[in-house]
Amino acid sequence: MSSQPAAAKLGHTMPGRSRDDAGAAVASRWPALPSYDEWGETCDTLHAHTQVLGKLATVLAPPEPQLQHAALRTTARGWETLPLPAPDGSGALVVALDLHAHDVIVEHSDGRARRIALTPDRPVGQVTRDVLQAVHDLAGDVAIDPTPQEVPWTVPLDDDEQHARYDRGEVETWFAAATRAAMVLTAFRAPFRGRSTPVNAWWGSFDLAVNLFSGRAAEPPRTDFITRNSMDAQEVTVGWWPGDGRYARAAFFAYAHPAQEGLGDAPLEPGGGRWDGELGLYLLDWADVCSTADPYATALAFARSIFRHACRICEWDPALAATADGVPPPVR
């Protein structure tokens, strides 16, 4: 960048502030998160709502490698789809979870919109039916598979009367944490010169993740639809989840596919995470991140250190792997 005013105008740094200073500015005030055992009822309800959005994206978006078309995105108001082709050909459609107003928003590119309230005792089934009706009213007929995915329950989303707990305070705390996690993942991905995904919000596993690819193909470890379509390339994945029934604590995580011998032996700094052999990934608990003087830097260092180690073990092109430790390329 030739001049600081240009950098400031483009939003890369604030005037008079270095990138390191900008990182420090977002490091403070990271919220503590309860364990899944404490807020699981609200978490499951919120998770189910995201599945409705994901099902719509799966049906309407043009298919992409690694099922990228089905992923949601984080925004300043919550999770939402990318613009989706309207079923009736009238334009584009976005469906969003507004976690400030606590609504589901169905928006058409022509400006029309519908809002469906997320209230403390409103069942997922009722919200789902209202969302699908709003899509129909604004953009035409669409049919989704209402079977929930990657969760322990099986009741169809449009019939789900079980999940109704929705505590606004718990949702807002989760979203504040997820926002900070997404900023770390965005910074981790930014300098990498190979193919990578944006920060995806995955509605099946209810996590955030970014994938960096080596450019080589890989054999999927299983033959189910999701695995065979999402894990057909060599990659390193770094992400964050709020906790679930398998692992109740919020945490950053990282893994490589295909996993090579020695992957779990990365030299980590004290307090810098650990390898979980049962889950097959590295973990850095959210509480441990928040307890440090600079949570942002701590989480980013975890992501970069695991990526460096995984690339060595998995024999990535060293020149490509090294780009992830650089800075984003300048705008010329």
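This passage describes helix packing, backbone geometry and cysteines in a predicted model.

Helix α3 spans residues 36-60. The helix is not straight: a bend of about 45° occurs at T42. Of the 25 residues of α3, 20 are buried, so the helix is largely enclosed by the rest of the structure. T50 is one residue found in α3. Its relative accessibility is 0%, so T50 counts as buried. Leaving aside residues up to four places away in sequence, T50 touches L72, W79, L97, W203 and F206.

Helix packing comes next. Two packed helices are described by the angle between their axes and the distance between the axes. The pairs α3 and α4, α3 and α5, and α5 and α8 are taken in turn.

For α3 and α4, the packing angle is about 25° and the axes are 10 Å apart. An angle under 35 degrees counts as roughly parallel, and α3 and α4 are therefore roughly parallel to each other. Their crossing is right-handed. On the α3 side, the contact is made by T45, A48, H49, V52 and L56. On the α4 side, V124, V127, T128, V131, L132 and V135 take part. Helix α4 itself covers residues 124-139.

Helix α3 also packs against α5. Here the angle is about 80°, with the axes 10 Å apart. That makes α3 roughly perpendicular to α5, since angles of 65 to 115 degrees fall in that class. Four residues of α3 are in contact with α5: E38, W39, T42 and L46. They meet E170, V171 and W174 of α5. T42 thus appears twice in this account: α3 bends at T42, and T42 belongs to the contact with α5.

Helix α5 (residues 168-189) has a further partner in α8 (residues 295-313). The axes of α5 and α8 come within 9 Å and cross at roughly 45°. The two helices are therefore oblique to each other. The crossing of α5 and α8 is right-handed. From α5, the contact involves M183, V184, A187 and F188. From α8, it involves Y296, A299, L300, A303, R304 and F307.

The cysteines were examined for disulfides. The structure holds zero disulfides. The sulfur of C311 has its closest cysteine sulfur in C314, 7.5 Å away. A disulfide needs the two sulfur atoms within 2.5 Å, so the separation of 7.5 Å is too far for a bond. C314 is likewise in no disulfide, its nearest cysteine sulfur being that of C311. C311 has a relative accessibility of 5% and therefore counts as buried. C314, at 6%, also counts as buried.

The backbone shows several local features. Q66 has a positive phi of about 55°, although Q66 is not a glycine. This residue sits in the loop between α3 and β1, a strand at 73-74. Q66 is buried, with a relative accessible area of 7%. E150 is not a glycine either, and its phi is positive at about 60°. The place of E150 is the loop between α4 and α5. At 51% relative accessibility, E150 counts as exposed, because the cut-off for exposed residues is over 50%. The two positive-phi residues can be set side by side: Q66 is buried, whereas E150 is exposed.

The loop between β10 (251-257) and β11 (274-276) contains P258. A cis peptide bond joins H257 and P258, and omega is about -5°. E261 lies in the loop between β10 and β11 as well. E261 is exposed, with a relative accessible area of 80%. In sequence, E261 and I313 are 52 residues apart. In space, their C-alpha atoms are 7.5 Å apart. I313 falls at the end of the residue range of α8, 295-313.

Definitions and conventions
Residues numbered from 1 in each chain as written. Predicted model: local features only at pLDDT ≥ 70, side-chain atom pairs only at ≥ 80, totals over all residues. Heavy atoms only, no water. Bend = angle between axes of the 7 residues up to and from the residue. Buried < 20%, exposed > 50% of the residue type's maximum accessible area, 1.4 Å probe, protein only. Axes fitted to C-alpha atoms, helices over the stretch in contact; angles between N-to-C directions. Parallel < 35°, antiparallel > 145°, perpendicular 65-115°, else oblique. Left-handed = near helix turned anticlockwise from the far one by under 90°. Contact = heavy atoms within 4.5 Å.
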